[in-house]
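Biologist: Before I accept the labels attached to this model, I would like to hear the reasoning behind each of them. Could we take them one at a time?

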Amino acid sequence: MTWSAPQSDGGSPVTGYVVEKYTGTKWIKATKKPITTCSFSFDDLLEGSDNEFKVCAENSAGVGEPSESTGRFVAKDPYEVPGRPEAPEVKDRTEDQASLTFKAPESDGGSPITGYVVEMKGKLETKWKVIGKDLKDLEFVATGLKPDSEYEFRVAAVNKAGQGQASPPSKPSKYGNYECHRIYCCL
């Protein structure tokens with residue numbers, strides 16, 4: 001919050017400013033001590049809360065008349081978590097690893113994307129397991145896979161506001177040449 005010094009100091013230099021907050025029924029001091037600059041940052045506003053402030057200049061004669069109100073506003077971060085990426089693609093699968101590629105989400109939430117989180121789960125499992133964090137590239141190699149197991153992968157983008165919603169899962173991926181197995185079984 002910033003403001004300008006009053007046009008008149010009332011005959012005595014301004015020694016500080018008092019910030020007042022409207023509680024919904026009355027105005028109360030929002031700062032314990034007068035502020036000596038024409039700005040103040042609040043670090044305790046609740047996300048989604050209604051707020052309204054005004055400022056009073058203070059000099060040796062006391063506290064002067066308050067400024068006009070800021071008007072009511074809702075406290076919220078200037079940015080949001082990133083959007084949801086599309087499902088990652090499994091580009092290559094070997095016996096024990098899968099090479100994934102993915103695209104950045106359409107929305108970065110107003111803050112640059114700082115990384116990605118990749119998760120996987122077995123086709124029959126219910127819980128996702130983080131296998132890559134703070135990734136800067138739009139590709140990842142998942143390792144430690146079991147040869148005859150089917151896996152799904154998903155990715156989420158991260159920015160200053162936090163982690164966004166995870167993508168839909170990739171198509172299930174399983175290693176093996178199944179045509180050969182069928183022919184062999186039929187002989």
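Biologist: Why is the contact between Lys123 and Glu152 called a salt bridge?

Modeller: The term requires a side-chain nitrogen of Lys or Arg within 4 Å of a carboxyl oxygen of Asp or Glu, and the closest N and O atoms of Lys123 and Glu152 are 3.6 Å apart, so the pair meets the definition. Lys123 lies in the loop between E9 and strand E10 (129-135), whereas Glu152 is in strand E12, so the contact ties together parts that are 29 residues apart in sequence. Salt bridges that share partners also join Lys121, Lys123 and Glu152 into one network.

Biologist: How do you know whether Lys123 and Glu152 are buried or exposed?

Modeller: Buried means under 20% relative accessible area, exposed means over 50%, and partly exposed is what falls in between, computed with a 1.4 Å probe on protein chains only. Glu152 has a relative accessible area of 9% and is therefore buried, while Lys123, at 37%, counts as partly exposed.

Biologist: What should I keep in mind about the origin of these values?

Modeller: The model is predicted, so local features need pLDDT of at least 70 and side-chain atom pairs count only at pLDDT 80 or more, although totals for chains, interfaces and linings use all residues. Residues are numbered from 1 along each chain as its sequence is written, and side-chain values use heavy atoms, with hydrogens and water left out.

Biologist: How many salt bridges does the rule give, and what makes Glu119 and Arg154 one of the pairs?

Modeller: The count comes to five salt bridges. In the pair of Glu119 and Arg154 the closest N and O atoms are 2.5 Å apart, so the distance satisfies the cut-off. Glu119 lies in strand E9 (residues 115-122) and Arg154 in strand E12 (residues 151-159), so this pair ties together parts 35 residues apart in sequence. With a relative accessible area of 12%, Glu119 is buried.

Biologist: What are the accessibility classes of Arg72 and Asp50, which also form a salt bridge?

Modeller: Their closest N and O atoms are 3.2 Å apart, and the pair links distant parts of the chain, with Arg72 in the loop between E5 and strand E6 (73-74) and Asp50 in strand E3 (residues 50-51), 22 residues apart. Arg72 counts as exposed because its relative accessibility is 56%, whereas Asp50, at 46%, counts as partly exposed.

Biologist: Which residues touch the most other members of the largest nonpolar core, and what makes a set of residues a core?

Modeller: A nonpolar core is a set of buried Ala, Val, Leu, Ile, Met, Phe, Trp, Tyr and Cys residues joined through side-chain atoms within 4.5 Å. The largest one has 14 residues, of which Leu100, Phe102, Tyr116, Val118, Phe140, Leu145 and Phe153 touch the most other members. Two or more residues each come from E8, E9, strand E11 (139-143) and E12, and the largest share, four residues, is that of E12.

Biologist: How do you know that E7 and E8 pair?

Modeller: Strands are DSSP runs of E with at least two residues, numbered from the N terminus, and two strands pair if DSSP finds at least two bridges between them. Strand E7 (residues 89-93) and strand E8 (residues 97-101) share four bridges in the antiparallel sense, so they pair by that definition. Asp92 has Ser99 of E8 as its bridge partner, and three residues form the hairpin connection from E7 to E8.

Biologist: What about E4 and E5, in which sense do they pair?

Modeller: E4 and E5 pair in the antiparallel sense over three bridges, and they form a hairpin with two residues between them. Within this pairing, Asn59 stands opposite Gly62 in E5.

Biologist: Why is Lys136 called exposed?

Modeller: Its relative accessibility is 61%, so the value falls in the class defined as exposed. Lys136 lies in the loop between E10 and E11, and its C-alpha atom is separated by 12 Å from that of Val155, 19 residues apart along the chain.
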